[in-house]
Each structure stands twice: as C-alpha cells, then as structure tokens.
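Me: Hi! I have a new structure open and would like to get to know it. Could you walk me through it?

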Amino acid sequence: MVDETGTGYDAQKQPGQPNMFSRHRRKGPERWQHYQQHSARHISLMTRLGLLLTGFYSLFGWFFFGFGMLFVWVFGGNGYLHEIAFFSGELQTIQARITHVRQTRLEINDNRVYEYHYSFNSAGRQQRGSSDGYGGRYREGDQVTIEYAPGDPGHSRIAGMDLGLGGWPFFFALLFPLVGAGFIYAGLRKGVKGIRLLGEGSLTEGRFLSREATSTRINNRTVYSYLFEFEASDGRVYQARGRSHLPERFTGESEPVHGHGGEGEEEIIEPLLYNPENPADAVLLDDQPGSPRISGDGLVHLTGARPIGLLLPAAVVICNLLWMLHVLEIL
C-alpha cells in the first residue's frame, strides 16, 4: 500500500501501472537522455537564471507584475516616489511668484492639467520650479506658498497642489503587481529547490503511480497532479509530485513490465533528484523549468528552455528601474 503521508515505506515489487498517456508518446519525449551521476556538478549562471525565472508561473507572474506596475506609476506611484525622495521630513515654506502658466495635453476626470512655473529667492539666489495642477487656480504674477526640504531649494512644489492621484485608486492598482509578485515568489522557491537538489541531490528514477485533476486550468486545459514513487538509498520507497497542464510533460520513458498474468504492460518512469538525508525532499526533473538534465561530465543544462524566456523578467526589471531613476531625476 502507498503511504499517503509521503514518509516512505518498505519497497515491494509493484505491478505495472495503466498507461494514462497517448500511445504515440509511450516511448517518451526526445529530450530523455541517459546520463550518469557525477560527483562534481556544474550549474552555469544562465541555467540558474532559467530555473529561477522561466517557468510558466514565473513568466506569468513577471507579465502580471510588469503590466500592473504601469497602473501603479499612473495612479500616483510617481508622486509617492517623488515625495519620499525630496519632501520627507520637515519642510521649509517661502513665498514665490507665478511666472508662467502652461496648458498641458493631459486631462484627468475631464479636467485639464496646467503647469504652473514660479520663481523665488533662497539664500540670496534666484530659484525656479514648477507644479502641476488644474486650471483656474493661479495666474501669472500671483503670489503662492511653496515648500522644500531644508538645504534643497532645487526641488520645490506649490504647497497643497496635487492632481488627486493616489489614495484608493493607487492601492487598488497595487494589487495587480502584488499578485504577480506572489507568482514570482512561488517560481523562485521552486527554482531554488531545483538548483539545490541539482547540485547536491541523488539521482534516481520515479515510477508513475497516478494522476489527479486539479481545479486549475491553463489555456482551457486542466492542470493535473502527477504522483511518482522511487526507492531511496535507505531501501525505502518515497513519493514525488509534479503538476502540469501538458499531457506530454511526464511521459518519461516507457518500459515493458510483466504483471501477475504475464502480459506486458507499460511502466512510465521519470528522472528525479532527492535529498539523501531527507528523501521526502525530492523533485521531478521535468517539473522544473526547462526540464534540466545532468550530462556525464556533471554539467547541468536545460533541454526545454531557451534564453529568450529571460527577456521578459529582464525587460520588467530594467524598464521599472529606469523609470524610477527618471522620477528621482538621476537620469
């Protein structure tokens, strides 16, 4: 019997499991390779990044995070970041004179946004600045109160003027990148586990036991949970699980086995790695991004991923970083 707790049990000869995959895939995908366990393994930087960042859930998280950050910047993110950088703590106020009013092309809630330019004298030096606001508030020559951090009159603003951005619209927009960050975190945890076991884990084969449908669907396909068992070095049998919406993901390599009736059946086997000190800590190689494999010389490489998958997280990080530097007036 299978121990549902996943703690392992004495190994016994099991009859072949029924083939739940399509017949034309019974010999397994072409990516299957015969390889040897090597004492010293090498995982390159690109392989590590692929394991951490290119899984389906990771890429979905990066897309959702990047798309959500567009709304965060629009609905007050720029203002909050600018305020934290230049207007934190106690502020100094002084009178200034409006020198020019410019109508912009931006409208918020059908209200035209104007750019108010002003000048003021600080420590004997003429300073200039501008603030965005709605029309009709000030005219050229009007006196206004501006504020700035002590010692930094180069970054000033008209006191009390804002565009009404932020508040609950900002926090609502913040939900989208937070959801994306959750998927990214899950992908990173999975990748970290895979890297650890690829570097130090014991290599063996898992035998297919069953698959169960989950409540998750991807591209109108049901995500299935696949259960495999394997015998560890302590002579006990443990279990490992993988999830996928692709039926060919865990076809492994089928081998004929003989049941009690003497008829040939097909047994699905998959390569996996486990922690020798805790065999319940295991991972199926085809459950990792890129289906990593270990070659005879100990080099770990990805067989099902391309470097182009790293472009999405790289673009999200670089674009948001550049925009932050722009808001902080570093660029």
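Me: What is the size of the largest nonpolar core, and which residues have the most contacts inside it?
Reply: The largest nonpolar core has 18 residues, and L198 and L273 are those with the most contacts inside it. A nonpolar core here is a set of buried Ala, Val, Leu, Ile, Met, Phe, Trp, Tyr and Cys residues joined through side-chain atoms within 4.5 Å. Buried means under 20% relative accessible area, exposed means over 50%, and partly exposed is in between (1.4 Å probe, protein chains only).

Me: Which elements each supply at least two residues of this core?
Reply: Helix 1 (45-53), helix 3 and strand 15 (299-302) each do. Helix 3 gives the largest share, 4 residues. Helices (H or I, at least four residues) and strands (E, at least two) are DSSP runs, numbered from the N terminus.

Me: And is there a second core?
Reply: A second, separate core has 13 residues, including F228, A232, Y238 and A240.

Me: Before I go on, what kind of model is this?
Reply: This is a predicted model: local features need pLDDT of at least 70, side-chain atom pairs count only at pLDDT 80 or more, and totals for chains, interfaces and linings use all residues. Residues are numbered from 1 along each chain as its sequence is written, and side-chain values use heavy atoms, with hydrogens and water left out.

Me: Good to know. Back to L273: what is it in contact with, leaving aside neighbours within four places in sequence?
Reply: Its partners include L197, L198, G201, D281, V283 and I294. Contact means heavy atoms within 4.5 Å.

Me: Helix 3 came up a moment ago. How many residues does it have, and how far does it reach?
Reply: Helix 3 runs over residues 167-200, so to speak, with 34 residues and 49 Å from its first C-alpha to its last. That is close to the 50 Å expected at 1.5 Å a residue, where the expected span is 1.5 Å times one less than the number of residues.

Me: Which of its residues are buried?
Reply: Among them are F170, A173, P177, G180, I184 and G187, and further along L197 and L198.

Me: D281 was on the L273 list. Which side chain does D281 meet in a salt bridge?
Reply: D281 meets R196, at 2.8 Å from N to O. A salt bridge is a side-chain nitrogen of Lys or Arg within 4 Å of a carboxyl oxygen of Asp or Glu. The pair links distant parts of the chain, with D281 in strand 13 (residues 278-284) and R196 in helix 3, 85 residues apart. D281 counts as buried at 14% relative accessibility, while R196 is partly exposed at 34%.

Me: How many salt bridges does the count come to?
Reply: The count comes to 8 salt bridges. One of them joins R102 and E115, whose closest N and O atoms are 3.2 Å apart. R102 is in strand 3 and E115 in strand 4, 13 residues apart.

Me: What about R293, which residue is its salt-bridge partner?
Reply: R293 pairs with D286, and their closest N and O atoms are 3.1 Å apart. R293 is buried, with a relative accessible area of 0%, and D286 counts as buried at 0% too. Elsewhere, salt bridges that share partners join K193, R196 and D281 into one network.

Me: Now the outside. Which residues make the nonpolar surface patch?
Reply: F63, F67, L70, F71, V74, F75 and L165 make a patch of about 660 Å². Patches are made of residues with over 30% relative accessible area and no salt bridge: like charges are joined within 9 Å, nonpolar side chains (Val, Leu, Ile, Met, Phe, Trp, Tyr) within 5 Å. Accessible areas come from the Shrake-Rupley method with a 1.4 Å probe, and for residues only the protein chains shown count as cover.

Me: Is L70 buried or exposed?
Reply: L70 counts as exposed, at 53% relative accessibility. L70 is found in helix 2 (residues 56-86).

Me: And G77, buried or exposed?
Reply: G77, also placed in helix 2, is buried with a relative accessible area of 6%. Leaving aside neighbours within four places in sequence, G77 is in contact with V72 and F170.
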